[in-house]
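Me: I have a model open and want to go through it. Can you start with the core?

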Amino acid sequence: MSWHDPLWQRIWTPARRVAFAIVARLWWRRPPEEIAARLAARPLSEQALIVAAVLAGLFLTSLLFAHAGIPGVLSFLLLVILLIR
C-alpha cells in the first residue's frame, strides 16, 4: 500500500484528528491549537509515526482493559471519551 491508496486517504484525516486530540489532551499546559500547529508542521513521516503510536497505545490499552470483561471495556470507552472531550 502506498500513500496514494484511496483507503489511506480516507482513513488519514480522522485518524490524525483523533491522535492530535489525544496528544493535545495529554499535553494540557499548552493550548490545543498550538499543539495541532506544532504537530502539523512536522514532516508527514513523523506525523504518521505519531498517529501510529497513539493509535497503537489505544489498542494496547483496550486489550489491557478487556481482561476485566464488560466492565473493563465500558471503563475503557469512558476513559477514551473523557480523554478526547
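Reply: This is a predicted model. Its largest nonpolar core has twelve residues: Trp12, Ala15, Ala19, Phe20, Ile22, Val23, Ala24, Ile35, Leu39, Ala48, Val51 and Val54.

Me: Which elements give two or more residues to this core?

Reply: Those are α1 (6-26), α2 (32-40) and α3 (44-66).

Me: And which gives the most?

Reply: The top contributor is α1, with seven residues in this core.

Me: Any general background on why such residues group?

Reply: In soluble globular proteins, nonpolar side chains tend to be buried together.

Me: Back to the model. What does Phe20 touch, leaving out residues up to four places away in sequence?

Reply: Phe20 touches Ala36, Leu39, Ala40 and Gln47. Of these, Leu39 is itself listed in the core, as is Phe20.

Me: Where is Gln47 found?

Reply: Gln47 is part of helix α3.

Me: Is Gln47 buried or exposed?

Reply: Gln47 has a relative accessible area of 6%, so it counts as buried, the cut-off for that being under 20%.

Me: What is Gln47 in contact with, neighbours within four places aside?

Reply: Gln47 has contacts with Trp12, Arg16, Phe20, Leu39, Ala40 and Arg42. Trp12, Phe20 and Leu39 also appear among the core residues.

Me: Zooming out, how many helices and strands are there in the protein?

Reply: The protein has four helices and zero strands. Along the sequence the pattern reads α-α-α-α.

Me: What does the C-alpha trace span?

Reply: Along the principal axes, the C-alpha trace covers about 40 × 35 × 15 Å.

Me: How many of the residues count as buried, as a percentage?

Reply: Of the 85 residues, 19% are buried.

Me: And the accessible surface, what does it come to?

Reply: The protein has about 6400 Å² of accessible surface, and 70% of that belongs to carbon and sulfur atoms.

Me: What share of the contacts is between residues 24 or more positions apart?

Reply: They make up 46% of the contacts with a separation of 6 or more.

Me: Charges next. How many positive and negative ones are there?

Reply: The protein has 9 positive and 4 negative charges, and the mean positions of the two sets lie 7 Å apart.

Me: Last topic, confidence. What is the mean pLDDT?

Reply: The mean pLDDT is 88, with 95% of the residues reaching 70 or more.

Me: Which elements have the lowest and highest mean pLDDT?

Reply: The lowest mean is that of α1, at 86, and the highest is that of α3, at 93.

Conventions. Residues numbered from 1 in each chain as written. Predicted model: local features only at pLDDT ≥ 70, side-chain atom pairs only at ≥ 80, totals over all residues. Heavy atoms only, no water. Core = buried A, V, L, I, M, F, W, Y, C linked by side-chain atoms within 4.5 Å. Buried < 20%, exposed > 50% of the residue type's maximum accessible area, 1.4 Å probe, protein only. Contact = heavy atoms within 4.5 Å. Areas by Shrake-Rupley, 256 points an atom, 1.4 Å probe, with all protein chains shown as cover. Lys, Arg positive; Asp, Glu negative; His and termini not counted. Charge placed at Lys NZ, Arg CZ, Asp CG, Glu CD. pLDDT = per-residue confidence, 0-100.
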